[in-house]
Amino acid sequence: MIDLHLHLDGSLSKEDFIYLAKKNNVSLGNEFPNNIVVNKDCKSLEEYLKRFDLPCSLLQDYESLKYATKSLVLRLFNLNYIYAEIRFAPQLHTLKGMNEIEVTKAVLDGLKEGLESTPGFDAKIILCCMRQSSSELNKKTIDAAIYLNDEKIAAIDLAGPEAFLPTREYKDLFDVAIKSNLNVIIHAGEACGNESIMEAIDIGASRIGHGVHLSFDSESLKKVKNKIYFEFCPTSNLQTKSLKDYEFVPIRQFLENEIFVTVNSDNMTVSDTNVIKEFKHLYRAFKLSKEEVFKLLSNSINGSFMRESEKEIKRKALLTKIDGFYDTILL
Ligand SMILES: [Zn+2]
């Protein structure tokens, strides 16, 4: 399996929570573990995003960030993943005095240490800017990526509440990233519609986080076809009320229009999911064929920020694993 849209703070395991809470002397609350996932009554993206307060409070020092990242890498390997891009917002982990460079370094160290014992699995990281933050703070995220200049840093992303803070406001910020040859992803078309997606593409995003509200008018299609990769995260979309049910995920429309669409988890813990579960949900709703699953996973490889030589290795791995992956989905 492959996950291109996976948030670190939304994917701590229950065991990670217990370990990190003890280490950092933080209370998990009386409702734990019910307070680390959203329930069916979640009303909006804003409510969903509140689930990140507790994990963020646990990830404020070098050791904790490194531990959590390594733990996630090992879990993905054990789930038979072949590749993942793990994202986080460095600026949310500076409450105890680390700067964004130090935060990113901690995650990179955890990633690299984890990858030492995961043959056949590789991963990179993505640094998120936040919509609700000042451009000064977001600029520090981009500066951290430029300063560290590490091949494991795959891209810059824009996350956070989309409905109140329009995508076009972030053009100047992402100009800096693009001028520095950084790849750009933007969460768009999740809480908002097609306009937000088009703005994200105009700003320079090559991948769209979610993007389920794409219009299929000829102008929009022209802009996205053979260019833009979409990172679908179905369960998360249902929980944030972006979509009503799995049958409304426009996966077939995207496939039939030959738009590069991928399947991802968003937050393994908050959404109680992983890419295998996401494919199972989509299979139940659409009876996806093996060819369609292969196409979706091929899109993930092609849309990843691996080097071409690395992609070629993953294409070969996918060919040998697709039967097993498909069998797992059907289970
Ligand atoms: Zn996301």
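**Exercise 1. Strand S2 and its surroundings**

Decide how enclosed strand S2 (residues 83-88) is by the rest of the structure.

*Solution.*
Step 1. Count the buried residues of the strand: 6 of the 6 residues of S2 are buried, so the strand is largely enclosed by the rest of the structure. The model examined here is a predicted one.
Step 2. Sort the side chains by direction. Tyr83, Glu85 and Arg87 point one way from S2. Ala84, Ile86 and Phe88 point the other way.
Step 3. Compare with the general pattern. Side chains in a regular strand alternate between the two faces of the sheet.
Step 4. Check burial on each side. The residues pointing either way from S2 are all buried.

**Exercise 2. Neighbours of S2**

Find the strands that pair with S2, and give the sense of each pairing.

*Solution.*
Step 1. Take S1. It pairs with S2 in the parallel sense, over 4 bridges. Ile2 stands opposite Tyr83 of S2.
Step 2. Take S3. S2 and S3 run parallel and are joined by 6 bridges. The bridge partner of Phe88 is Leu127 in S3.
Step 3. Follow the chain from S2 to S3. The path goes through helix H5 (residues 100-115), and this β-α-β crossover is right-handed.

**Exercise 3. From S3 onward to S5**

Trace the parallel pairings from S3 through S4 to strand S5 (residues 183-188).

*Solution.*
Step 1. Pair S3 with S4. They run parallel, with 6 bridges between them. Leu127 stands opposite Ile156 in S4. Leu127 is also the bridge partner of Phe88.
Step 2. Check the burial of strand S4 (residues 153-159). This strand is mostly covered, with 7 of its 7 residues buried.
Step 3. Assign the handedness of the connection. S3, helix H6 (residues 135-148) and S4 form a right-handed β-α-β unit.
Step 4. Pair S4 with S5. 4 bridges join these strands, which run parallel. Ala155 stands opposite Asn183 in S5.
Step 5. Follow the chain again. From S4 it crosses through helix H7 (residues 171-179) to S5, in a right-handed β-α-β crossover.

**Exercise 4. The largest pocket**

Describe the largest pocket by its space, its lining and the elements that contribute to that lining.

*Solution.*
Step 1. Start with the principle. A probe the size of a water molecule, rolled over the atoms, shows where empty space is left.
Step 2. Give the volume. The largest pocket holds about 450 Å³ of space.
Step 3. Count the lining. 28 residues line the largest pocket. Asp9, Leu49, Phe52, Leu92 and Met130 lie nearest its centre.
Step 4. Name the elements. Strand S1 (2-7), helix H2 (45-49), helix H3 (53-58) and strand S3 (122-130) each give two or more residues to the lining.
Step 5. Classify the residues. The lining divides into 13 nonpolar, 11 polar and 4 charged.

**Exercise 5. Unusual backbone geometry**

Which peptide bond is cis, and which residues other than glycine have a positive phi?

*Solution.*
Step 1. Set the expectation. Most residues other than glycine have a negative phi, and most peptide bonds are trans.
Step 2. Check omega. The bond from Phe32 to Pro33 is cis, with omega near 5°. Pro33 is found in the loop between helix H1 (14-24) and H2.
Step 3. Check phi of Lys241. The value is positive, near 65°. Lys241 is in the loop between helix H10 (234-239) and helix H11 (251-256).
Step 4. Classify Lys241. Its relative accessible area is 45%, so Lys241 is partly exposed; exposed would need over 50%.
Step 5. Check phi of Glu258. The value is positive, about 55°. Glu258 lies in the loop between H11 and strand S8 (260-263).
Step 6. Classify Glu258. With a relative accessible area of 55%, Glu258 is exposed.

**Exercise 6. Two loop residues**

Are Asn264 and Lys50 buried or exposed?

*Solution.*
Step 1. Place Asn264. It is in the loop between S8 and helix H12 (275-286).
Step 2. Apply the cut-off. Buried means under 20% relative accessible area. Asn264 has 0%, so it counts as buried.
Step 3. Find its contact. The side chain of Asn264 reaches the backbone nitrogen of Leu4 at 2.8 Å.
Step 4. Place Lys50. It lies in the loop between H2 and H3.
Step 5. Classify Lys50. Its relative accessible area is 57%, so Lys50 is exposed.
Step 6. Add a distance. The C-alpha atoms of Lys50 and Gln132 are separated by 14 Å. Along the chain these residues are 82 residues apart.

Methods:
Residues numbered from 1 in each chain as written. Predicted model: local features only at pLDDT ≥ 70, side-chain atom pairs only at ≥ 80, totals over all residues. Heavy atoms only, no water. 1 Å grid on protein atoms, 1.4 Å probe; cavity = no way out; pocket = protein on both sides within 12 Å on 5 of 7 lines; lining within 4 Å. Points joined across faces, edges and corners; volume = space filled by probe spheres on them. Nonpolar A, V, L, I, M, F, W, Y, C, P; charged D, E, K, R; others polar. Buried < 20%, exposed > 50% of the residue type's maximum accessible area, 1.4 Å probe, protein only. Pairing = 2+ DSSP bridges. Right-handed = clockwise from strand over helix to strand, strands pointing away. Polar contact = N/O pair within 3.5 Å; in protein donor to acceptor, adjacent residues only side chain to side chain.
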